[in-house]
Structure formats: C-alpha cells, structure tokens
Amino acid sequence: MSTFLGVPGARPSAADNPLRGDRPFPVAAREAVGNTQLRRNLGRALSTIRAKRAAVVAEVPDWEALRDTASAVKADVMARLPELLEQLERNVTARGGTVHWADDAEEANRIVAEIVTATGADEVVKVKSMATQEIGLNEYLAERGIAAVETDLAELIVQLGHDKPSHILVPAIHRGRAEIREIFLREMSDAPTDLTDEPRVLAMAARAHLRRKFLSARVAVSGANFAIADTGTLAVVESEGNGRMCLTLPDTLITVMGIEKLLPTFSDLEVFLQILPRSSTGERMNPYTSLWTGVTPGDGPQEFHLVLLDNGRTNALADELGRTALHCIRCSACLNVCPVYERAGGHAYGSVYPGPIGAVLTPQLTGMSGHGDVNSTLPYASTLCGACFDACPVKIDIPTMLVELRGRAVDADRDRTIPGGWAAAMKAASWVMSNEKRFAAAESLSKAGRVVAGKKGRISSLPFPLSGWTTSRDLPAPPTQTFRSWWKENRPDDLGVPLPTSAEDPGDPS
Amino acid sequence: MKIALMATCLADAMFPQAAIATVRLLERLGHRVTFPPGQTCCGQMHVNTGYLDEAVPVVQHYVDVFDAADFDVAVAPSGSCVGSVRHQQAMVARRAGDTRLAARATALADRTYELSELLVDVLGVTDVGAYYPHRVTYHPTCHSLRMLRVGDKPLQLLRKVAGIDLVELPNAESCCGFGGTFALKNPEVSTAMMADKISDVLSTRAEICTAGDSSCLMHIGGGLSRLRTGVRTLHLAEILASTIDSGAFDASDMSATGGLGTSVEASPKRSA
C-alpha cells in the first residue's frame, strides 16, 4: 500500500497548525490558570460530567471485562491495520462509495475541496468531527470560497466565536451561557434580538439558524466514530440529531476518518457502543446512532466519499508503545478526570487534541524536535497521577506513555553542544545519586539550607529554578541529621548483615 | 522477619523522621530492621523527568546495594518510590538493553513493599499499638492509590490508632499537584491543584494531614506553611510509630516549623 508514508505536511506557520500551538504548555497554562471565568466554567462542567460518568460506569457489572475486550479488539486492529483498511475499502466500494487515501492534512483537504467544487456547492454542513479539526478543513475550504457550517451546537459556538475547541467532546466547555448569548447576538445574523442566556432559548435560536442550513445544504462533511471493515459500514454517535440531519439530507456526503477508527466486525460495535456513551457524556446510550453503508438508491446521500486520513498515524503505529494511543475512541473521559486539564483548559495544549490523550497523541502525530519544540512540553503536562489510565475505556496506559515520550523529548535534545539547565542538573544528579559517598557529601551541603531557613525553620525564597517551588510553597529547614547519619549513630551494629536480636542502640540520646 | 529499609533519598536528606519512625514501628512489632549500606535513590526523579539514560547508573546502584544485602522483604515509607521500584526500574534497564539488570530489579521488586502493604498484607497487622490523640485527615497519594493499589490499607491502620480523631478528606483521590519535577516545570498548575487540596484539608478542621509519601506532604505542607494555616503534615509512619509512652510526636514540638513537621527528633524517646 503506497499510502503509509505518514509524515505530516509542512504548514505555513505555527499559528494555524491545529496540532501545534505557538507557546510552550507552561506558558499557556499560566495564563489559563489566572482566567477565573475559565476556571469556573471548567470546574462546574467537569465535576458534573465526572459524577455522571462514575454513576453509569458503576452500574455495569462487567465494566472491566468490557474494557479488556475493547482494548483487545483495538490491539488486533492495530496489528493488522493494512489488511483491515483494504477490506474496508473493498466493502465501501462494493456498496457504491468512493474511498480516498490521504497521507497528510494537505492531501485530505485537497480531496475534500475537489469533491465539493465538483458539486458546484459553495456551502457544506458539518457533523462534529475531530479529524476535520485536526486538518484545519474549515479554514482550507474558506480560502477557496466554500463556507463550512458547523452544526454541532458547541462547535457552532466555537465557530461563531472565531475560537478554537478546548475539549474533544464539549468543544465550547470553556464558555459560559452569558458568553454564548453575546456570541450569538454578535455573529448569528438571524438571532432573535430578545435572546436571553437561558440554555433552552439559546438552543432554540441555534436550532432555527441551523434548520435553514440543513434544508439548503447539498454537501455534508462528517467524521466517523467507527468504520466496520467486514461490512463497509460507517457510524456516528451524537446527542443532538444535527449530525443525522447532515448524514441524511444532502446529496453528497464526505466522511474524513483517521485510519485508526476501524473495527473488524459489525458485532464489535456491541462492545464499543456500550463503553463510548458511558465514558463520554455519562449516558447509558447516546440519543442518536447513525449507521450507513455505501449508497442506498432513493434514500439519503447518493454520492458517498470516504477519506482515510493518515497524518502521522503510521508514525505512531510503527512504535510498539506509541501505537496504543491509536486505540483512542475520543470519549474524553481522560480529559474529564485530569486535574491538569481541569486547571489549564484545552487551549493551553495548543493542539485540537488536549488533555492526557492529547499529550501523548499530539507529539506522536507531529513528532518532537527537542525542548525548543512546544509539543515537547506536552508530555510534561501531567503529574502522572494515573486518573486517566483508570478512566480510559480502552485501557490506554497514558502515564507510562507520557514517561516514554518525556524520554524521547530529552533524547531529541541530546545533540545540543551546550546542555540546557535541566540536562546539566539531571546529569549531575545521576552522578551524585549513583554513589553513596557523593550522595552523603551532597547531603552535607544542606547545612546551607539551614542557614537560609534561619530561626523560622522554613525557607520561603530560593533562586531560579527552585523559585518555582518557593513562589507558592515553603520548604522546611533541612534536618540537623540525615537518616543515614542517625542510623550510624543509633544502630552502629547494622552492617547490612544479620544483627543479634538483642542489638539495642547504646548511642541513642534518650 | 528481617526487613530491609529503603529509606528513600528524600526521607534520608529532608525527612529522616519518616524513616526513623518506620524503623521504630517495625522494631516495636518485633522485627529486625536493616539498612542496606550505600543506598541512595531509586531513580524515579530521573525517569519521570525523561532522563532515562541518566537513570541507569542510579538504578544499577540501587540494585547492587539491595542485591548484596541479606533480608526477607524490603520496605519504603513511600508509595511512589515503591512504584518506581516495581514499575520503572526494570523498564529503565530493558530500555538500556541490560536484561540481566532488569531481571535482578524485578526479583527485588517482588519483595519490596510500601509500608501499609507490608503491615497489612505481609505482617497481617492493622492494630500496631499506636496512640495519637489528634484530629487527622488522610490524603491517599496517587502512586499508592493508582500504581500500587494500596486501597484503604492506610485507613485500616489509622482507624486502629488509639485516641485519633480521623476525619474523611473531601475529594481525597484528587492529585495534590506535586508530580515531582512537575512542581517546578509547571508551577502554576501545580499551585492551582495544591490550592484545591489545601482547601479540602482545611474544610476537615483537621490539625494534621497525613499520607504515605513525604514528597506529596512536602508540597501540601509547604502550602499550608506558606499560608500559616495552623495545619501541618505528618507521615503515616510517624503516627503509627507514636505510642502513649513515646510523647515524641506531640504537636507542640512542631510550632517552630509552621506547617512543616520536621523536628520529631527534638524529644527522642525510644519505645522499643
């Protein structure tokens, strides 16, 4: 197969790359942490969704077995992805669809634009889709005179606000309803002038606005939650029904799908349609599940195109550990439980894939070129608390992968002639910590710490980079005696060999 | 039982009272404690910061030291250091192509326990005869909770402490924001997380926040001290080592250090 050359295409500038921001994570996060509106919106929304998820997951007696099964199915998919993709292609084609292969974002965008142009349409309606966010499709189409209208309510809010999504499932999670009212009044030409910020009123305004778009649209663009290799069936799950409008009303349907979204057989949906809604929205079942297979004469779109997107995925696939990131079904459970995401918000990650899964997926899709690369800061955007691994319905070991990617970020920097501060410090620490005498000597330097602490017994200010600690936390004065010195004084007979049972410490000061 | 103490580099250098308490507690329970000489660090800081090559000599040294020592099981007063021994050391060795070191590390990891695991699972004891007449809340550290799965073992131990007023910590399972070098690399987010943890600790009206990791306690305690909250942190081992006769863990000893419990040895008294 000639399409597996997944090095993403070069982009004009960092600012419009959907997978790379323009600032390192800690810098972007500093600003986000200080945004009180953002903190409140996120705190409220995430604690609600966490509680909902916890309740509906707890009621499933075989939840762990479902996770194991889902993980095994995805491992199988990754192990034989090329053959499954070819099977999918055969089945989609046999049912009247057309399959396109896109190495990178540029190629995928070009394919979609050519199909739309051929229909003569200058507007497309869109089903919420991460793949098209990832390739910047809307912007690409806009430059060619084609308006892409987001029909998912939250995506519409983001689009009208000239904003970026900050959550995989709830892209406008950073917005409050008062902000949404302002955006609608400012940007939606047919918004009622007496619009209030009641959720129902806002939803009805969006509904009226979108209904006009659905009825006039001739082309729709979607992503896919799943593609079934053995039948050629595509699936989209959603809450609003707007996706189904797009999938059924227009004449032409274009689906852009990451190559990892595959499932081998139709019956695999049984597992995934149980774990996805419970993990993502905290619902037992999502309100709308749309399945379509090729083209059905006289019913729904009469032209169906499937664009299979690589865009760096085969880089991850080639890596034994990294490929498990491709198991992701975009449920967002890891974002919702992540304490770092909850404080920093999605925009701080600079990628359309934020949160824990974004921190492992984004650097693998784009590659990391060392510590000067903002995406090299993403694997460090975690305390390694492990909440994401526990929540993941396909059991992606995100903490282990974060550590491995940190290693690669460091390794990408190793050819620098002058090592950075961290590299120098870690080298020195390695030298000190691999020898007892050196370690004990370093410990004796802590006397200086006691001088700094003085009578207060605490240290409240240290120079950079330890100032990162003391800006918000005290450090205790180092103890007058290390443990090893206490041990020598109080357990002089212990030489790491068996002690006589009566051994007591004559040196004990009491 | 012959128990090797893995003191951990942080406890050795900064919080010796946690390691001393571990020694006293285990000796009081009738066990022989040994301190494999030459031990330094498990390598976790290097691994979690991405310096996996630099972690190799540290792991090598750790394995050499503990391999040479004579003991039945090893114990550390730290969930994250035991997590590193169990889940990282062999990986570091394998990554460096040293399968022999990986095998030795795995064999050691199989008999290395976090303190509450050792007490409850290996020694089969929950009532360690401790006495601690203070209002205490317990923070389950992430690595003990989600890496080692110690579950409620620390709470089983604390519930049996005489005189203790143990209060539940709201949102207990949320990370405190320490995360090793995360605290330095992402100080803003780390502090934002700490603020919420501290607010939960304060809501319990506890006098002491305890946990099984000195590192997380250094972070939470550092914030409690900075804000002069009048609440301090104390390692689980110190509460369990405290007895009605020891008197060594009276809160008045701590007044000089604000939120940071550092001067346990100020009134040392052996209880063994």
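**Group meeting talk: strands, helices and the core of a predicted two-chain model**

Let me begin with strand β7 of chain A, where both faces are covered: A:Thr252, A:Ile254, A:Val256 and A:Gly258 on one side, and A:Leu253, A:Thr255 and A:Met257 on the other, are all buried. By buried I mean that 20 or more other C-beta atoms lie within 10 Å of the residue's own; exposed means 12 or fewer, partly exposed is in between, and C-beta atoms are placed from the backbone. The strand spans residues 252-258, and 7 of its 7 residues are buried.

Some conventions are needed here. This is a predicted model, in which local features need pLDDT of at least 70 and side-chain atom pairs count only at pLDDT 80 or more, while totals for chains, interfaces and linings use all residues. Residues are numbered from 1 along each chain as its sequence is written, and chains are lettered from A and ligands numbered from 1 in the order in which they are written. Helices (H or I, at least four residues) and strands (E, at least two) are DSSP runs, numbered from the N terminus.

Which strands join β7(A)? Strand β4 of chain A, residues 219-222, runs parallel to β7(A) and is joined to it by 4 bridges; strands count as paired if DSSP finds at least two bridges between them. Within this pair, A:Ala220 stands opposite A:Leu253. Strand β10 of chain A, residues 303-309, also pairs with β7(A) in the parallel sense, over 7 bridges, and there the bridge partner of A:Leu253 is A:Phe304.

I turn next to an open sheet of chain A, formed by 4 strands in the order β8-β5-β6-β9 with mixed pairing. Its edge strands are β8 (262-263) and β9 (288-293), each pairing on one side only. Helix α12 of chain A, residues 269-280, packs on this sheet and touches β5 (226-228), β6, β8 and β9; its direction makes about 20° with that of β6(A). Such angles run from 0 to 180 degrees between N-to-C directions, with axes fitted as lines to C-alpha atoms, for helices over the stretch in contact. Strand β6(A), residues 233-238, pairs with β9(A) in the antiparallel sense over 6 bridges, and A:Val236 has A:Ser290 as its bridge partner.

Now to helix α9 of chain A, residues 177-187, in which A:Ile180, A:Ile183 and A:Phe184 are buried. Why do they lie on the same side of the helix? They do so because they cover an arc of only 100° around the axis, the arc being that of the directions from the helix axis to the C-beta atoms. The face turned away from this buried side carries the exposed residues A:Ala178 and A:Arg186. The buried residues of α9(A) pack against α8 (153-160) and α10 (199-216) of chain A.

Finally, the two chains together. In all, 63 residues of chain A are in contact with 65 residues of chain B, where contact means that C-beta atoms, placed from the backbone, lie within 7 Å. Helix α18 of chain A, residues 398-411, gives the most to chain A's side, with 5 residues.

The largest nonpolar core has 232 residues, and among those with the most contacts inside it are A:Ala220, A:Leu262 and B:Leu5. Such a core is a set of buried Ala, Val, Leu, Ile, Met, Phe, Trp, Tyr and Cys residues joined through C-beta atoms within 7 Å. Its largest share, 8 residues, comes from helix α4 (residues 52-68) of chain B.

Technical notes:
Two residues are in contact if their C-beta atoms, placed from the backbone, lie within 7 Å.
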